[in-house]
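Let's take a quick tour of how some strands line up and what sits between them. Keep the 3D view open and follow along.

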Amino acid sequence: MIHLLFILLFNVQDTVTATTYKLTAAENGPYGNNMASGYKVSYKRPGNNRVIAVSPDLLDKYPYHTDVIIKGTGKYDGKYKVEDVMNA
């Protein structure tokens, strides 16, 4: 488990607990390479995606296409877009 610091570009900060995952075609089943927002994942270049999923309770605060900055994770630090939602 990784502890992340989400910083919206509006300078609002939240500390949340998160896990990493790797989306595969087999796991995404009938949705293919589409995430919940409609974003199409590149399976050939996964490092280019730079997207995250948020839990359903955070989706109102961090809607799809929101830019967030993640800090405190080392190699995962950087700018991401919210493009998916976790299973409830």
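Start with one facing pair: Val 54 sits opposite Val 85, which belongs to strand 5. Keep in mind that this is a predicted model. Strand 5 is a good place to keep your eye on, as the pairings below show.

**How the strands pair**
- Strand 3 covers residues 51–54 and strand 5 covers residues 78–85; the two pair in the parallel sense, with four bridges between them.
- Strand 4, residues 67–71, runs antiparallel to strand 5, and four bridges join them.
- Across from Asp 67 you'll find Lys 81 of strand 5.

**The turn between strand 4 and strand 5**
- These two strands form a hairpin with six residues between them, and Gly 72 there takes a positive phi near 90°.
- Thr 73 is in the loop between strand 4 and strand 5.
- Is Thr 73 buried or exposed? Thr 73 counts as buried because its relative accessible area is 16%, and the cut-off for buried is under 20%.
- A polar atom of the Thr 73 side chain lies 3.3 Å from the backbone nitrogen of Tyr 76.

**The nonpolar core**
- Which residues make up the largest nonpolar core? There are seven in all: Ile 52, Val 54, Tyr 62, Val 68, Ile 70, Tyr 80 and Val 82.
- Strand 3, strand 4 and strand 5 each supply at least two residues of this core.
- Val 54 turns up again here: it is one of the core residues, and it stands opposite Val 85.
- In a regular strand, side chains alternate between the two faces of the sheet.

How values were computed
Residues numbered from 1 in each chain as written. Predicted model: local features only at pLDDT ≥ 70, side-chain atom pairs only at ≥ 80, totals over all residues. Heavy atoms only, no water. Pairing = 2+ DSSP bridges. Buried < 20%, exposed > 50% of the residue type's maximum accessible area, 1.4 Å probe, protein only. Polar contact = N/O pair within 3.5 Å; in protein donor to acceptor, adjacent residues only side chain to side chain. Core = buried A, V, L, I, M, F, W, Y, C linked by side-chain atoms within 4.5 Å.
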